[in-house]
Amino acid sequence: MADQSCAYPGVYFVRWGKHIKIGCADNVCRRLHMLKGTIPEGELEPLGWIRVVYGPEKQLPRYREHEIHETLAAFRGRGEWFRDCKDVRCFIARYADPWPE
């Protein structure tokens, strides 16, 4: 698990297979831990390529999550899941910070 610098609210980006989840959490570390627990045992592809956008002054940036979902709407699959494609990856690389190691 990453250090506690990820224990703040933020918008997170998690890749799983051919999809990227774009979600918002009060505690990004805790949410990632919960997501990892939802992967079926024996699944070939673990969660990966994780990045995060923290809220200003450690506030939950739900408005940013909504803006990102709207911006990437053409690539939306279902709910908070988006196609893992070049356009989505470029957006995330430009606006999100790498996951703290």
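This tour goes through the aromatic pairs, one helix and the cysteines of a predicted model.

**Stop 1: the tryptophans**

The structure contains 2 aromatic pairs. For the pair at this stop, select Trp 16 and Trp 81. Their rings form a tilted aromatic pair, with 6.3 Å from centre to centre and 55° between the planes. Now colour the strands. Trp 16 belongs to strand β1 (residues 10-16), while Trp 81 belongs to strand β4 (residues 81-83). The two residues are 65 residues apart, and the pair links distant parts of the chain.

Are these rings buried or exposed? Turn on the surface to look: Trp 16 is partly exposed, at a relative accessible area of 27%, and Trp 81 is also partly exposed, at 26%.

**Stop 2: the pair in helix α3**

Next select Phe 91 and Tyr 95. These residues form a tilted aromatic pair, 4.8 Å centre to centre with 45° between the planes. Both sit in helix α3 (residues 86-95), and because they are 4 residues apart, about one helical turn separates them. In general, an α-helix has 3.6 residues a turn, so residues three or four places apart point the same way.

With the surface on, compare the two members of the pair. Phe 91 is buried, with a relative accessible area of 15%. Tyr 95 is partly exposed, at 42%.

**Stop 3: the two sides of α3**

Keep α3 in view and select Val 88, Phe 91 and Ile 92, the buried residues of this helix. Rotate until you look down the axis of α3: the buried residues fall within an arc of 95°, so they line one face of the helix.

Which exposed residues are on the face turned away from the buried side of α3? Select Lys 86 and Arg 94 to see them there.

**Stop 4: the cysteines**

Last, select Cys 85 and Cys 90 and show their sulfur atoms. A disulfide is a covalent bond between the sulfur atoms of two cysteines. How many disulfides does the whole structure hold? A search finds 0. Cys 85 takes part in no disulfide, and its nearest cysteine sulfur is that of Cys 90, 8.8 Å away.

Why is there no bond from Cys 90 to Cys 85? The closest cysteine sulfur to that of Cys 90 is in Cys 85, and 8.8 Å is too far for a bond; the cut-off for a disulfide is 2.5 Å between the sulfur atoms. With the surface on again, Cys 90 counts as partly exposed, at 45% relative accessibility.

How values were computed: Residues are numbered from 1 along each chain as its sequence is written. This is a predicted model: local features need pLDDT of at least 70, side-chain atom pairs count only at pLDDT 80 or more; totals for chains, interfaces and linings use all residues. Side-chain values use heavy atoms; hydrogens and water are left out. Rings of Phe, Tyr and Trp (its six-membered ring) pair if their centres lie within 6.5 Å; planes under 30 degrees apart count as stacked, over 60 as edge-to-face and the rest as tilted. Buried means under 20% relative accessible area, exposed over 50%, partly exposed in between (1.4 Å probe, protein chains only). The arc is that of the directions from the helix axis to the C-beta atoms.
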